[in-house]
Structures are given as C-alpha cells and as structure tokens.
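Reader: Please take a close look at the aromatic residues here, and describe how the rings pair and where they sit.

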Amino acid sequence: MGKATTSVTFEAPIEKAFKVISDYGSYPQFMSDVKRVSIIDSSVGKKLVEYELQIIKTFRYQLWMTEEPNTEVAWRFHSGEIFKDNSGSWKLKDLGGGRTQAEYNIDAKFGIFVPGMIEKKLIEVNLPTMMKSFKTKIEGP
C-alpha cells in the first residue's frame, strides 16, 4: 500500500491551477511518465479517465474524476492492470495575490505483487517530479 501527501504553493491564480489540474488530456505534454490519457465517459462534474503510464513498465488504469471548480479535483479507482484501489485529491486554496495553495494526497493499493522498489517509485519517488512538472506548467505562460 502506498500513501503520500504533499503541499505546494503555485505562483498563479487558483483558476489557472484548477484548469491545468483538470485538463487530464494535456498531462502527456508536461509529464514524461504519462504516455496517453483518454476521457472514456463524461458528465457534469464527473469523468471516467483512462491513464497510460510508463514507469519501469507500461500500464493502464481508469479513475472516476470529480471536480468542484477552483476548489477540488478528487478521484476514485474504477479499473486497471496494477491497482486494486487508488483514491486521492487535489485541494486548492486561494492565497490571494495570484497565489494558490494545493494539497495533493493519494492512497493506492496494488492488486498484484509489486516489488517494494516499484511501489516506492510509483508513489513516493515520482511525487516530487510530478509536483515540479505541475508547478512549471501552472506557473508558465
């Protein structure tokens, strides 16, 4: 089981932070481990999203994403090749002055035997790299 929580301040308005975080299809453009993202189903405030990642090996999984504009993006596991469960969220707070506080948390359980090295890379080691990618994208032009 892998759990992680981190907090980051974006030097950007909350609307821009939310827009980048909720634009799942753009993830492959700025996150090197994400190879493909497809929206499988979409309704107001809820989307079924399939992610294809390349971290040591290629795998796919689907998450139900729920959105509260400019406040929160949360997800829960639907199906996938490697996870038994995967849930988490981005919680956003407007700090004023064009700055946004973001808290990211994930709780993932693997459905197959995953060596400790891979689990650690998937959850803990990849987190700082992922946050840096989001920070660069959100704070960029």
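Author: What follows is an account of the aromatic pairs around one short helix.

This is a predicted model, in which local features need pLDDT of at least 70 and side-chain atom pairs count only at pLDDT 80 or more, while totals for chains, interfaces and linings use all residues. Residues are numbered from 1 along each chain as its sequence is written, and side-chain values use heavy atoms, with hydrogens and water left out.

A search of the whole structure finds 13 aromatic pairs (rings of Phe, Tyr and Trp, the last by its six-membered ring, pair if their centres lie within 6.5 Å; planes under 30 degrees apart count as stacked, over 60 as edge-to-face and the rest as tilted). One of them joins Tyr-27 and Phe-30, an edge-to-face pair at 5.8 Å centre to centre with 75° between the planes. Both residues belong to helix α2 (residues 27-30), where they are 3 residues apart, about one turn of the helix (helices are DSSP runs of H or I with at least four residues, numbered from the N terminus).

Tyr-27 is buried at a relative accessible area of 7%, and Phe-30 is buried at 16% (buried means under 20% relative accessible area, with a 1.4 Å probe and protein chains only). Phe-30 also pairs with Phe-134: the ring centres are 5.2 Å apart and the planes stand at 80°, so this pair is edge-to-face. Because Phe-30 lies in helix α2 and Phe-134 in helix α3 (residues 116-139), the pair ties together parts that are 104 residues apart in sequence. Phe-134 is itself buried, with a relative accessible area of 1%. Tyr-27, Phe-30 and Phe-134 are among the members of one aromatic cluster, which also includes Trp-75 and Trp-90.

How values were computed:
Helices (H or I, at least four residues) and strands (E, at least two) are DSSP runs, numbered from the N terminus. Buried means under 20% relative accessible area, exposed over 50%, partly exposed in between (1.4 Å probe, protein chains only).
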